[in-house]
Amino acid sequence: METKPAASGAVVVAGLRKSYGAVAAVRGVSFTVFSGEIFALLGPNGAGKTTTLEILEGFRARDAGRVEVLGLDPGDRAAGRALRERIGLVLQDIAVEPYLTVRETVARNAGYYPAPRDVDEVIELVGLAGWRRQKVRALSGGQKRRLDLALGLIGGPDLLFLDEPTTGFDPTARRDAWQIVRNLRGSGTTILLTTHYMEEAQALADRVALISGGQIVAEGTPATIGGRDTAGARIRFALPDSCAVADLPLAAAAAGDGLVSVETAEPTGTLHQLTGWALERGILLERLTVDRPSLEDVYLRLTSSGHGAPEPVMERSTR
Amino acid sequence: MSYRSRRSDLALLWHQVRYEQLSFWRNPQSAFFTFVFPVVIIMIFGALFGGVNPSSYFDGLSAMQYYVPTIAAVSVLGSCYSQLAIVLSIRRQNGILKRVRATPLPAWAYFLGLLAHCVMVSVLDVALIVGVGRLYGVPVPSHWLALAAALAGGAASFCALGVAVASLIRNAEAAPAVVQLVLPIHSDLLNRISGALPVRPFNEALLGPLARHAGLDWRNLGVLLAWGAAGALVAIRRFRWDPRPE
């Protein structure tokens with residue numbers, strides 16, 4: 001992990017704790033978001049993502065720990081206005097006045113900031129240019145989320161919080177939203193997002209923290225998190241009925257679903273040995289695949305508290 | 001970081017009032033109940049009581065001289081207190097208030113904007129009602145300062161109470177019922193009790209300049225403002241923006 005000084009962090013969280021009654025929602029979370037990066041808090045529903053974000057946004061009070069957002073304490077009421085002028089928020093479960101038009105809604109919020117972006121430019125950016133004069137109540141669910149994004153951007157924030165920004169989007173809308181977020185990073189905006197979509201973290205984030213049960217269980221880049229880069233490859237296949245696992249020339253184990261699994265640090269040689277053995281005997285290795293643990297495998301392994309992880313999904317197939 | 005200039009407080013407030021007005025006039029229901037409903041009531045009362053001459057039952061006034069200021073009082077009560085409590089509860093439940101809280105708009109600007117909006121609506125409403133009342137022999141207001149004081153004091157106090165009630169109830173579905181419970185409608189049978197509650201003093205304070213050629217009614221204005229202050233205190237301490245409180 002990076003060891004940059006805390007001062008360069010747009011967001012610094014150390015030992016954060018929060019309980020609702022007897023339920024501990026956040027249990028000692030620490031992470032740093034550096035200026036100019038996209039940082040993803042990835043985790044299942046109820047992991048503590050939204051609670052953590054809402055504490056950073058100043059909506060909830062923390063029980064313990066240190067929190068710094070753009071050098072300010074979001075728990076400090078006096079800092080509230082100065083902080084909100086520099087951050088943009090895209091939240092879950094929020095709404096705007098139903099009888100105003102898209103343009104009026106964005107223009108209204110623009111008036112709350114000292115240096116807002118151009119209203120029409122932001123509307124165009126989120127893809128609502130054709131709906132400027134549409135009343136908010138007549139927008140579809142996806143269009144309302146785009147309007148939320150516009151409201152998050154209108155103040156020209158240094159730091160943008162996105163809470164599950166593409167939940168409910170169709171694949172095209174999701175890719176559009178990702179491109180907007182990447183462009184924002186390109187213009188120097190720091191972005192902290194929560195998501196439970198693996199592919200979203202993979203596609204967008206510079207760094208990912210995996211959160212489960214109110215704790216961070218892994219942190220790193222999408223390519224290295226949870227030891228993905230150093231983990232061994234896995235060869236899987238089905239054997240015909242005439243063969244047993246014990247007949248194989250190397251160590252193997254049953255992997256469920258009628259498959260046999262071979263773990264290896266050196267897949268080229270192992271695969272050669274295996275297929276050579278099969279060709280000699282005229283055996284067909286059905287459903288043969290080679291892969292490394294996907295982000296989803298890491299996610300499932302680390303968020304399922306040790307055992308009973310469901311069958312992982314193939315990321316790459318050699319078949 | 002360099003100093004970024006902020007809009008002046010007054011410009012921010014005007015911005016806020018403008019958009020409150022816009023939201024209000026765009027919603028056909030709120031405009032109808034605020035402005036059409038009282039006129040319809042006056043016309044019904046006019047048809048029923050138009051010929052009733054001054055009597056002791058109406059404190060020496062004609063029926064319409066008594067009813068028109070009372071309808072005006074109930075209208076102001078409706079748009080400042082009931083409407084505000086219900087609208088704020090709904091806005092909170094929908095997440096509109098949380099969205100407002102996510103911006104740098106200070107809480108004082110949001111609430112002063114609402115108050116200014118309610119005062120404007122009340123002034124329009126009373127002007128309309130008094131205008132229609134002229135058709136039924138209700139005189140032009142005699143004491144403009146007393147009328148302005150009663151309107152401003154009433155609107156501010158009922159707004160504060162509306163925000164206080166919105167602070168105390170948990171969900172929007174309960175709002176219309178609670179609004180009725182907390183302030184029983186003006187009752188002649190319960191004069192002493194109602195004299196200490198805010199509605200009757202407001203009605204009296206409006207009756208003065210509208211029907212009795214009376215001036216400033218300090219006692220009733222005092223009761224009204226005391227309620228307003230109590231409401232403001234509750235609102236400041238208890239108001240929540242978040243639909244899902246901890």
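Start in chain A and select residues 38–42 and 207–212: these are strands β3 and β8, which run parallel and are joined by four bridges. To see one of those pairings, pick Leu42(A) and then Leu210(A), its bridge partner in β8(A). Keep in mind as you click around that this is a predicted model.

**Staying on β8(A)**

Leave β8(A) selected and add residues 215–220. That is β9(A), an antiparallel neighbour tied to β8(A) by five bridges. Val208(A) is a good residue to label here, with Gly220(A) as its bridge partner in β9(A). Now zoom in on the turn: β8(A) and β9(A) make a hairpin with two residues between them, and Gly213(A) in that turn has a positive phi of about 55 degrees.

Next, show the side chains of β8(A). In a regular strand, side chains alternate between the two faces of the sheet. Colour Arg207(A), Ala209(A) and Ile211(A) one way, since they point to one side of β8(A), and Val208(A), Leu210(A) and Ser212(A) another way, since they point to the other. Is either set out in the open, or are they buried? All of these residues are buried. With six of its six residues buried, β8(A) is largely enclosed by the rest of the structure.

**Into the core**

Which residues have the most contacts inside the largest nonpolar core? Select Ala40(A), Val106(A), Ala150(A), Phe161(A) and Leu210(A); the core they sit in has 72 residues. Centre on Ala40(A) and bring up what it touches beyond four places away in sequence: Leu193(A), Thr195(A), Ala201(A), Leu204(A), Ala205(A) and Val208(A). Apart from that core lies another, of 56 residues, and for this one you can pick Tyr67(B), Ala205(B), Leu207(B) and Leu210(B), which are among its members.

**A second hairpin, and two odd phi values**

Back in chain A, select 253–256 and 259–264. These are β11 and β12, antiparallel and joined by three bridges. Ala253(A) stands opposite Ser261(A) in β12(A). Here too there is a hairpin with two residues between the strands, and Asp257(A) in the turn has a positive phi of about 60 degrees.

If you like checking backbone torsions, there are two more stops. Leu70(A) has a positive phi near 50 degrees without being a glycine. You'll find Leu70(A) in the loop between β4 (64–69) and α2 (80–84) of chain A. Leu70(A) counts as partly exposed, because 19 other C-beta atoms lie within 10 Å, and the cut-off for buried is 20 or more. Then jump to Arg287(A), another non-glycine with a positive phi, about 55 degrees. This one is in strand β13 (residues 286–291) of chain A, and with 14 C-beta neighbours inside 10 Å it is partly exposed.

**Over to chain B**

Show both chains and look at where they meet: 22 residues of chain B are in contact with 23 residues of chain A. On the chain B side, highlight α1 (9–26) and α4 (96–101), each of which supplies at least two residues. α1(B) gives the most, with five residues. Colouring that side of chain B by type gives you eight nonpolar, seven polar and seven charged residues.

Last stop: helix α6 of chain B, residues 144–168. Put a distance between its end C-alpha atoms and you should get 36 Å, which agrees with the 36 Å expected for 25 residues at 1.5 Å a residue. α6(B) is mostly covered, with 19 of its 25 residues buried.

Terms used
Residues numbered from 1 in each chain as written. Chains lettered and ligands numbered in written order. Predicted model: local features only at pLDDT ≥ 70, side-chain atom pairs only at ≥ 80, totals over all residues. Core = buried A, V, L, I, M, F, W, Y, C linked by C-beta atoms within 7 Å. Buried ≥ 20, exposed ≤ 12 C-beta atoms within 10 Å, placed from the backbone. Contact = placed C-beta atoms within 7 Å. Nonpolar A, V, L, I, M, F, W, Y, C, P; charged D, E, K, R; others polar. Expected span 1.5 Å × (residues − 1). Pairing = 2+ DSSP bridges.
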